[in-house]
Every structure is written in structure tokens, then in C-alpha cells.
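Q: Could you walk me through this structure? I'd like to start with the surface and then move on to the charged pairs and the helices.

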Amino acid sequence: MAVRPVRLLAIGDVAWDILVRPERELVWGSDVFGAVELMPGGAAANVAVWAQRLGARATLVGKVGADTLGELMLRHLRDEGVTTRIAEVAGLPTLRIGIVIDPQGEHGFVIDHTRPLTFSADDLPTSLLDHADAVFFNGYAIFTSQSTEFLHPLLTAARRRQIPVAFDPSSFALIRAFGAARLLDELGPLDVLLANSDEVKALCGDAPPSSLHTWTKLLVMKQGADGAAAYRAGESWCDSAVPVPVVDTTGAGDAFDAAFLVEWLGGGSVERALAEGNRLGAHVARHMGAQAAATDATTSGPTPRA
């Protein structure tokens, strides 16, 4: 039987990351030395790029401004081999995200929301599903648009066609601002929820993580240095983190998502998918930027599906 790659449809933010890593604590009103880098990012773009590098066929739906940063991003994505369904919007800037990185590699984001690039249902025709084995989207697109309505027609069609739907909520702070109950109710049932421990807590409140089984068939919990775990009704799996010297955790969770989904959708076990996610997440955490050079990161990993 001929084999073909997994086809992943990724929807969401496309951005340039401005990474700032001071060598010491910031001195307000004065200066410190450190590193400042401009690198491609955006959570959905990160997932698409890594999925493509892992041998999948990634299609990315997003928006950029009709500006120099937008042109550079489109060129970068083409060079990566990602199929782009990205609108260039005149009069609005390509998204920029300020990221401050502490000495332990942890980060804090400042998302430029002064003139946001928002989605509508017209941006997501159901024909996008014709060549997709799964749909992935994240919370940033929802929180920027302050609505889930733009997703409804596409998700309804995906469920009707039995195409798996995967979601990463992206930010525990923005979950709380949007409203966890509202988010769960408006999105409807999922096949896979990929979230870190803080995001799971924001979604559950005082209830245990198992309460999310009424909403998602498979819960994948990213736990940083403690590895990752997955839960399905009556089943659970876990995998230890890959120990690495952490430089920058920006995008490590997105890389995990890509590796997990490509392995799992390609027919791999949940346990194997967790291991692949942890391996690639660790690779990203060892470098500055969410799309660090692949080098050894894709030499062993998911294989095409039959």
C-alpha cells in the first residue's frame, strides 16, 4: 500500500517574535546588556512549520499585514514548504509579540493588540477540509477575535466528516479573561486537547482534569520538566521529559503539539506520540526562538501514514 504524509490543517496566529533575554535583572530607567532577536513565530505557524519538517503536509490559515514583515513571513513559510492560505491585510501590521526571557528560560509575552488581525467565517471555507486529515487551532486566534463564531462552520463540517479536531488553548491568563465556561461551551466537543498544566487548571477550576473528558476524547497535558501525560476515559499514559539545558521555552509547547499530532495521526501510539512531543519540545527549549534550526530534531520521528 502506498504511503502518504499526514495532512494537517493549522489555523491561527502568524507572528514575528521579538525575543529579549537580559543578562541580569532589568533596570527600569537605565540599561542592561543581553540578546535581542527577531524570529519567526506565532503558535499556529510554529505548529505548521514543525509538522512540515517532520514529514507532514501542513497547510496554514492565517493573516499578515500587507507590509515588509508580512512579505518576509510569507517568504519564510514558502521556504519551509508550508502551504499557505494567508491573507495579506492592507492597513494593518503583521502581528508582533514581545517576549522577555528570564535566566531559567521561562518567558512572558506582550501581544500587540492595538490593531489586531481577526478572523471571520469567510476566512475558513469548508473546502479547506478536502485535503486534511486533522484540524488544529489554538486559543490566540479566538482571544484576538474575542469570539469563536468564525470557527463554527468549519468545525461543524469537520465533525460531520469525522476529521479529528485538536485544540491548544495557548494561555491560562487569556482563558480566564475570555471565560473558561464560555470557551468550552462555544467550541463544543474536541478529539484532542493539548494544554499545559496551568491551562488545564484554568479550564477546570476546582474540578479535577478528568472533568474535561466530557469535552475532549483525549486530554494531553504538557508538564514542562515533569514530562507529559495523556488521559482518555479509563486509560492513561505518561512520558518523562528529556533533560536539556534550557535556553528559551518559547514555542516548545507548539513543537510538542506538532510532533504529538504527526505521530498520533500517522498511526503511532499515544505513548510514542508523547515521547516524540517531549523530544522535539526539548530541542526547541535548548535554543533561542520557536523555530530553531531542525539539525538533529527531525532525524528520528514520525513516519508517513499508510
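Q: To begin with, is valine 36 buried or exposed?
A: Valine 36 is exposed, because its relative accessible area is 59%, where exposed means over 50%, buried under 20% and partly exposed in between (1.4 Å probe, protein chains only). This is a predicted model, in which local features need pLDDT of at least 70 and side-chain atom pairs count only at pLDDT 80 or more, while totals for chains, interfaces and linings use all residues. Residues are numbered from 1 along each chain as its sequence is written, and side-chain values use heavy atoms, with hydrogens and water left out.

Q: Where does valine 36 sit, and which surface patch does it help to make?
A: Valine 36 is in strand β3, residues 34–41, strands being DSSP runs of E with at least two residues and helices runs of H or I with at least four, both numbered from the N terminus. Together with Ile18 and Leu38, Val36 makes a nonpolar surface patch of about 270 Å². Such patches take residues with over 30% relative accessible area and no salt bridge, joining nonpolar side chains (Val, Leu, Ile, Met, Phe, Trp, Tyr) within 5 Å and like charges within 9 Å; the areas come from the Shrake-Rupley method with a 1.4 Å probe, and for residues only the protein chains shown count as cover.

Q: What about glycine 34, how far is it from valine 20?
A: Glycine 34 lies in strand β3 and is partly exposed, at 47% relative accessible area. Its C-alpha atom is 7.3 Å from that of valine 20, although the two residues are 14 apart along the chain.

Q: Switching to charges, how many salt bridges are there?
A: A search of the whole structure gives 14 salt bridges, each being a side-chain nitrogen of Lys or Arg within 4 Å of a carboxyl oxygen of Asp or Glu. One of them joins arginine 53 to glutamate 80, with the closest N and O atoms 2.7 Å apart. Arginine 53 is in helix α1 and glutamate 80 in helix α2 (residues 68–80), so this pair ties together parts that are 27 residues apart in sequence.

Q: And which residue does aspartate 168 pair with, and are the two buried or exposed?
A: Aspartate 168 meets lysine 222 in a salt bridge, at 2.8 Å from N to O. The pair links distant parts of the chain, with aspartate 168 in strand β9 (residues 165–168) and lysine 222 in strand β11 (residues 216–222), 54 residues apart. Both aspartate 168 and lysine 222 are buried.

Q: Which residues form a salt-bridge network?
A: Glu263, Arg272, Glu276 and Arg279 are linked in a network of salt bridges.

Q: Last topic: how do helices α8 and α9 pack?
A: Helix α8 (residues 252–265) and helix α9 (residues 270–285) pack at about 150°, with axes 7 Å apart. The axes are lines fitted to C-alpha atoms over the stretch in contact, and angles run from 0 to 180 degrees between N-to-C directions. That angle makes α8 roughly antiparallel to α9, since angles over 145 degrees count as roughly antiparallel, under 35 as roughly parallel, 65 to 115 as roughly perpendicular and the rest as oblique.

Q: What angle do α1 and α8 make?
A: The axes of α1 (residues 43–53) and α8 cross at roughly 45° and come within 8 Å, and the two helices are therefore oblique to each other.
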